[in-house]
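User: I would like a close look at one part of this model, the strands and how they pair, followed by what packs in the interior. Please keep it to what can be read from the coordinates.

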Amino acid sequence: MAESLLIDATLSKAEKYKALLPQIEALVTGETDLIANISNLVAALRQGFGFFWVGVYFNKEGQLVLGPFQGPVACTRIPYHKGVCGASYTQQQTIVVPDVEAFPGHIACSGDSKSEIVVPVIKDGEVKLVLDIDSDKLNDFDEVDQQYLEQLMKLVASWY
């Protein structure tokens, strides 16, 4: 079954999130496969916002392991205490990085990445995965992104 998203490019960032979130919920309703749902979620975020890279890293095998993503090839495994993803995992909180070059220990999976936001999915006190979004523009993420992506990750937590 073909699906499509309806996002008006002229909307503000907050309005785009408000339009996209219910469409993502509708897209995954009735589907019980975690990978299928996450695959559509990352595709919807990339399509809706044109982000440079959108993907997830699962907490497994004692590290963060690459899951579904959209964008250039990525780092496959990230130690818990490395980079922005590792920091989000260990701190169990969202991390917004305006300039990745200024983040201590940043892992450069792509030299084209300029700013980043990482949002953990926490269920029963455990980080299940982190959502990682990179932009090829400096300072591309803010409190609007954080608010709506955290709301979206609460939905993802319900899939566990």
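How many bridges join strand S1 to strand S2, and in which sense do the two strands run?

Analyst: The model is a predicted one. Strands S1 (residues 53-60) and S2 (residues 63-70) run antiparallel and are joined by six bridges. Within this pair, Tyr57 is placed opposite Leu66 of S2. Two residues lie between the strands of the S1 and S2 hairpin, where Glu61 adopts a positive phi near 60°.

S2 also pairs with strand S3 (residues 77-78), again in the antiparallel sense, through two bridges. Here Leu64 has Ile78 of S3 as its bridge partner. The hairpin formed by S2 and S3 has six residues between the strands, and Gly71 in that turn shows a positive phi of about 130°.

As for the interior, the largest nonpolar core contains 30 residues, and Tyr17, Leu41, Leu45, Leu131, Ile133, Leu149 and Met153 have the most contacts inside it. S1 supplies at least two residues of this core, as do helix H1 (13-28), H2, strand S5 (115-123), strand S6 (126-135) and helix H4 (143-157). Leaving aside residues up to four places away in sequence, Leu149 touches Tyr17, Leu45, Ile117, Val119, Leu131 and Ile133. Another core, of 17 residues, lies apart from the largest one and includes Val84, Ala87, Val118 and Val127.

A polar residue is worth adding. Asn37 belongs to helix H2 (residues 34-49). Asn37 counts as buried because its relative accessibility is 3%, under the 20% cut-off. With residues up to four places away in sequence not counted, Asn37 touches Val28, Glu31 and Trp159.

Conventions. Residues numbered from 1 in each chain as written. Predicted model: local features only at pLDDT ≥ 70, side-chain atom pairs only at ≥ 80, totals over all residues. Heavy atoms only, no water. Pairing = 2+ DSSP bridges. Helix = DSSP H or I, 4+ residues; strand = E, 2+ residues; numbered from the N terminus. Buried < 20%, exposed > 50% of the residue type's maximum accessible area, 1.4 Å probe, protein only. Contact = heavy atoms within 4.5 Å. Core = buried A, V, L, I, M, F, W, Y, C linked by side-chain atoms within 4.5 Å.
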